[in-house]
Each structure stands twice: as C-alpha cells, then as structure tokens.
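Have your viewer ready and your selection tool at hand. We will go from stop to stop, and at each one I will say what to pick and what is there.

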Amino acid sequence: MSRGMLAPRACPPPLAAARVHGSVPLTWVAAGEPQSIPDASESSPGGLGPVSGGCSPPGVPAGLRGAPRADFRPLQVTGPSGEDTDAVLILEKTPFQEEKIEELLKKHTKLELQMSNDIYSTYRLYPPPELSEIKTTVVYPATEKHLQKYLRQEVHLIRESWEDYKNITLPFIQSQSFSIQWVYNILEKKAEADRIIHENQDPCNGFVLVPDFKWNQNQLDDLYLIALIQRRDVKSLRDLTGEHLPLLKNILQEGKEAIGKRFGVPGSQLRIYLHYQPSYYHLHVHFTALGYDAPGSAVERAHLLADVIDNLALDSAYYQKRALTFALRADEPLLKKFQEAGRV
C-alpha cells in the first residue's frame, strides 16, 4: 500500500445512508441522480416482494447525513414472511490509491467536458467498475438509535458538570439497553478473530486492537483502528481514575508499536483519542491517520489519549471533577433530559 505524499485524497463522509425494511440482501438506491424505483406491484430481486420508495415513510425524513447534493431515498423492503425490520445502509466512496491514478485516467475511462474557461475546465469522469469501489456497510437489524444516528439533526453543545453526570447522564446510561454484545464477541474471539491486529490478554490492563469498519485496509490515508479494553467495568472517560493509568499507557504504547510494525505508520502520524460522549459505553480508544479528517475527531468530542494520561497523572480524580463539553443532536433523549433539568 502506497503512502506517497502527493497522492490525491478522497475521504468524504458517508455518501448515502438509508432506512431500509426487510431481510438482507437489501435493495437500495444510491446517492446521485434520481433513480427510477420499481412500482409497488413489481417484485424486487431475490423474491423479496414489493418495494416502495420515493417519498419518505411517516417519521422517516428523506434528508440523511451524507455528501453535499446527495440524493437520498428511503426504501421499504418486505421480507418473504411479510415482516418489516429496520436496517441502516451506508455507502462510502473509498479514498483513491496513488498507484491507481494513472490507470484511472487511461483505462477505459469515460470523460465528459462540463465547462471550459481559459485555463480552467471541469469534467465528469466515469471510471471502470474495478476503479469505482464503494464501501457498503449494513447494520441489521437496527435499533431506533442506529437509525437516528444517520439523520440530519440540529446539534446542541452541552457543558456537563460532574453533578450533571451523576444526576442526568449516568441514570440515563443505566436506563438504556443498547447492546454491546458485538464488543464482547470480539473480546471472546467469537467474531472478527482474524481481524485482530494486537492483543494484550491481561484482564485488568489489556486490550484488543482491531480495524474499524470505516476502514477497508486498502490504503493508509484513512487508517482507522479501535482498541477495546478487556475489562467491562469502565464505560467512558468519566470512569477513569489514576488506577487506570497502566491500562491507558499500554494502549498508547502497544497500540503505536503494533500499528508501526503492521502498517509502517509511525506514532507521530497517528491521532489517538477517546470520545465523550462515546457512541457505545465500553471504553475504547480510536487510532486514526493524522491526515484523515475522521468522523468524531472534532474538538468538542475527541480527547487525546496522551492528554488524558497526563491529566490523570496530575489528579487521579480529574474526570470526576472537571466539566466536559459534548454535542447532542436535537432528537437525542439525553438532550431532552438536560432540557428537563434546565441545563440547556
């Protein structure tokens, strides 16, 4: 995998995300030009039964997070037994690979001139299938929280004190039943065992390092790995104390060494951080390429692991004392809890 400094970069946000009903395989419509959608009387491929689309079903806005000017079409696929099951379909254009650029411009590529003015011109380029890969992720079955995650929403900044955490956030977390069984499956090697890059089996200070699903491992520009801790009693940044310093230092040091050995990326080119609020409540650490504008790496959510370690070394109860800022979407139940408490 090439890591040339001049390689064109294409690391956009998800191209399309759609709410889909039914069993997999899924029938879907991608972003771009409006697609013709089969009439409800027609059957979808694979004998899944009627397919409907175009207008959003009740409660499902057509606008979903994605690339600018993307065209999003929710679909509904009815399974063989007539059941409707929610799913999330995410389409992402993978980054260009340097060694493929010459081939992209020469090999059976259709090029249409859109505009020409003096030394400037724009074209619409149609690459051959083998050079136009789209990474497709399916979450199935999906909960309402999964679905809402990909809808466009107004965002509000929350300044959470320790008292707010104890009285609002923690009770909310404890009341939720959002499954993290997939995390335990990785830790117990019931799933993705072949994807493990590094493992420290110590029950208190160990972790497992695996590629994140957002990274297809075909190029290093958007490198993205996750360290999942072995212990199951630490939910988030708020739980960390000086007791956890050996664990955090192991993740920082061993994670950098494993990525350097496996992928040739030095620690100085990695962004290593935790999210608060996290998307799931089992402590995990993100490792991304420094040049990659990874989702969730903005200042209101990402906390550099090296800074977390330094803070805990100064004060073992640092994260039980300081206020933390994070963003919440308008539809998130936790925001409603803060509003009810008069904190927003």
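## Stop one: a loop residue

Begin by selecting Gln217, which counts as partly exposed because its relative accessibility is 26%. You will find Gln217 in the loop between strand E10 (207–211) and E11. Check its backbone too: phi is positive, about 70°, although Gln217 is not a glycine. Keep in mind throughout that this is a predicted model.

## Stop two: two more backbone details

Now pick Glu192, in the loop between helix H4 (181–187) and strand E9 (198–200). Glu192 is another residue other than glycine with a positive phi, here near 60°.

Then move to Gln277, which sits in the loop between strand E12 (270–275) and strand E13 (284–289). Show the backbone from Tyr276 to Gln277: the peptide bond joining them is cis, and its omega is near -5°.

## Stop three: His244 and the way into H5

Next, select His244, in the loop between strand E11 (224–229) and H5. Is His244 buried or exposed? With a relative accessibility of 4%, His244 counts as buried, since the cut-off for buried is under 20%. Display its surroundings, and, setting aside neighbours within four places in sequence, you will see His244 in contact with Arg231, Val234 and Asp239.

## Stop four: H5 against H6

From here, carry on into helix H5 (residues 245–263) and add helix H6 (residues 305–314) to the selection. Two packed helices are described by the angle between their axes and the distance between the axes. For H5 and H6 the angle is about 155° and the axes are 10 Å apart. That makes H5 roughly antiparallel to H6, as angles over 145 degrees count as roughly antiparallel. The crossing of this pair, H5 and H6, is left-handed.

Which residues of H5 and H6 meet? On the H5 side, show Leu245, Leu248, Lys249, Ile251 and Leu252; on the H6 side, show Leu305, Val308, Ile309, Leu312 and Ala313. Colour them by class and you get 9 nonpolar residues, 1 charged and no polar ones in the contact of H5 with H6.

## Stop five: the two sides of H7

Select helix H7 (residues 333–340) and highlight Leu334, Leu335 and Phe338, its buried residues. Turn the view to look down the axis of H7: these buried residues fall within an arc of 105°, so they line one face of the helix. On the face turned away from that buried side, H7 carries the exposed residues Lys336 and Glu340.

What covers the buried residues of H7? The cover includes strand E8 (155–160), helix H3 (162–175) and strand E15 (324–329), so add these three to the display.

Just after H7, look at Gly342, where phi is positive at about 70°.

## Last stop: H3 against H7

Keep H3 and H7 on screen and hide the rest. Their axes come within 10 Å and cross at roughly 145°, and the crossing of H3 and H7 is right-handed. From H3, the contact is made by Asp164, Ile168, Thr169 and Phe172, and from H7 by Pro333, Leu334, Lys337 and Phe338. Leu334 and Phe338 will be familiar as buried residues of H7. Coloured by class, the contact of H3 with H7 shows 5 nonpolar, 1 polar and 2 charged residues.

Definitions and conventions: Residues numbered from 1 in each chain as written. Predicted model: local features only at pLDDT ≥ 70, side-chain atom pairs only at ≥ 80, totals over all residues. Heavy atoms only, no water. Axes fitted to C-alpha atoms, helices over the stretch in contact; angles between N-to-C directions. Helix = DSSP H or I, 4+ residues; strand = E, 2+ residues; numbered from the N terminus. Parallel < 35°, antiparallel > 145°, perpendicular 65-115°, else oblique. Left-handed = near helix turned anticlockwise from the far one by under 90°. Contact = heavy atoms within 4.5 Å. Nonpolar A, V, L, I, M, F, W, Y, C, P; charged D, E, K, R; others polar. Buried < 20%, exposed > 50% of the residue type's maximum accessible area, 1.4 Å probe, protein only. Arc of directions from axis to C-beta.
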